[in-house]
Amino acid sequence: VSQSRYPALYSKNWRRFIKKNDELALKVPSVAVQGEYNFLLNPNFSTSQLIKIVKVEDLNFDKRLFVR
């Protein structure tokens, strides 16, 4: 989160999200794929232990996007 385009905003929201502890997931814009989102899971949420990964898919990035 600290390397996102909006680090202060998301860091502040993340801290509030964890402290408040009333939601399981926080939707944030993907830094790598424009128009996509990531979901950050709250490990402290009461039902977080019930989360199961049901499908894993490969995500192929264009390597040119990550050239420095």
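The accessible surface of this chain comes to about 6400 Å², and 54% of that belongs to carbon and sulfur atoms. Before going on, I should say that what you see is a predicted model. The chain has 68 residues, and buried residues make up 12% of them.

Now the layout. There are one helix and two strands, and from the N terminus on they run α-β-β. Helix H1 covers 7–20, strand E1 covers 25–29, and strand E2 takes in residues 37–41. On contacts between residues at least 6 apart in sequence, 28% join residues at least 24 apart.

I will start between the helix and the strands. Asparagine 21 is in the loop between H1 and E1. Its phi is near 55°, a positive value in a residue other than glycine. As background, most residues other than glycine have a negative phi. Asparagine 21 counts as partly exposed, because its relative accessibility is 30%.

On either side of asparagine 21 there is a salt bridge partner. Lysine 20 forms a salt bridge with aspartate 22, with 3.8 Å between the closest N and O atoms. Lysine 20 has a relative accessible area of 55%, so lysine 20 is exposed. Aspartate 22 is at 42% and is therefore partly exposed.

How many salt bridges does the structure hold? There are two. The other one joins lysine 55 and glutamate 57, whose closest N and O atoms are 3.1 Å apart. Lysine 55 and glutamate 57 are both exposed.

Next, asparagine 42, which lies in the segment after E2. Is asparagine 42 buried or exposed? Its relative accessible area is 0%, so asparagine 42 is buried; the cut-off for that is under 20%. Which residues does asparagine 42 touch, not counting those up to four places away in sequence? They are Phe17, Ile18, Asn21, Glu23, Leu24 and Ser48. Asn21 in that list is the residue with the positive phi. For isoleucine 18, the C-alpha atoms are 6.3 Å apart in space, with the two positions 24 residues apart in sequence.

Serine 48 is also in the segment after E2. At 16% relative accessibility it falls below the cut-off, and serine 48 therefore counts as buried. Leaving aside its neighbours within four places in sequence, serine 48 is in contact with Leu24, Asn42 and Pro43. Leu24 thus appears in the contact lists of both asparagine 42 and serine 48.

Now the strands. Proline 29 is found in strand E1, and at 32% relative accessibility it counts as partly exposed because that value lies between the limits for buried and exposed. Phenylalanine 39 lies in strand E2. Between proline 29 and phenylalanine 39 the C-alpha distance is 8.7 Å, with the two residues 10 apart in sequence.

Is phenylalanine 39 buried or exposed? Its relative accessibility is 54%, so phenylalanine 39 counts as exposed. Phenylalanine 39 is also one of the residues making a nonpolar surface patch of about 400 Å²; the members are Tyr37, Phe39, Leu41 and Ile51.

Tyrosine 37 has a further feature. What sits over the ring of tyrosine 37? The charged end of lysine 27 does, at 4.2 Å from the ring centre. As for ring against ring, the structure holds zero aromatic pairs.

Last, the loop between E1 and E2, where alanine 32 has its place. Alanine 32 has a relative accessible area of 35%, so alanine 32 is partly exposed. Where do its contacts lie, once neighbours within four places in sequence are left aside? Alanine 32 is in contact with Phe61 and Phe66. The C-alpha atoms of alanine 32 and phenylalanine 66 are separated by 9.0 Å, and these two residues are 34 apart along the chain.

To recap: asparagine 42 is buried and touches serine 48, phenylalanine 39 is exposed and belongs to the nonpolar patch, and the loop residue alanine 32 is in contact with Phe61 and Phe66.

Definitions and conventions
Residues numbered from 1 in each chain as written. Predicted model: local features only at pLDDT ≥ 70, side-chain atom pairs only at ≥ 80, totals over all residues. Heavy atoms only, no water. Patch = residues over 30% accessible without salt bridge, like charges linked within 9 Å, V, L, I, M, F, W, Y side chains within 5 Å. Areas by Shrake-Rupley, 256 points an atom, 1.4 Å probe, with all protein chains shown as cover. Salt bridge = Lys/Arg side-chain N within 4 Å of Asp/Glu carboxyl O. Helix = DSSP H or I, 4+ residues; strand = E, 2+ residues; numbered from the N terminus. Buried < 20%, exposed > 50% of the residue type's maximum accessible area, 1.4 Å probe, protein only. Phe/Tyr/Trp six-rings, centres within 6.5 Å; stacked < 30°, edge-to-face > 60°. Lys NZ or Arg CZ within 6 Å of the ring centre and 35° of its normal. Contact = heavy atoms within 4.5 Å.
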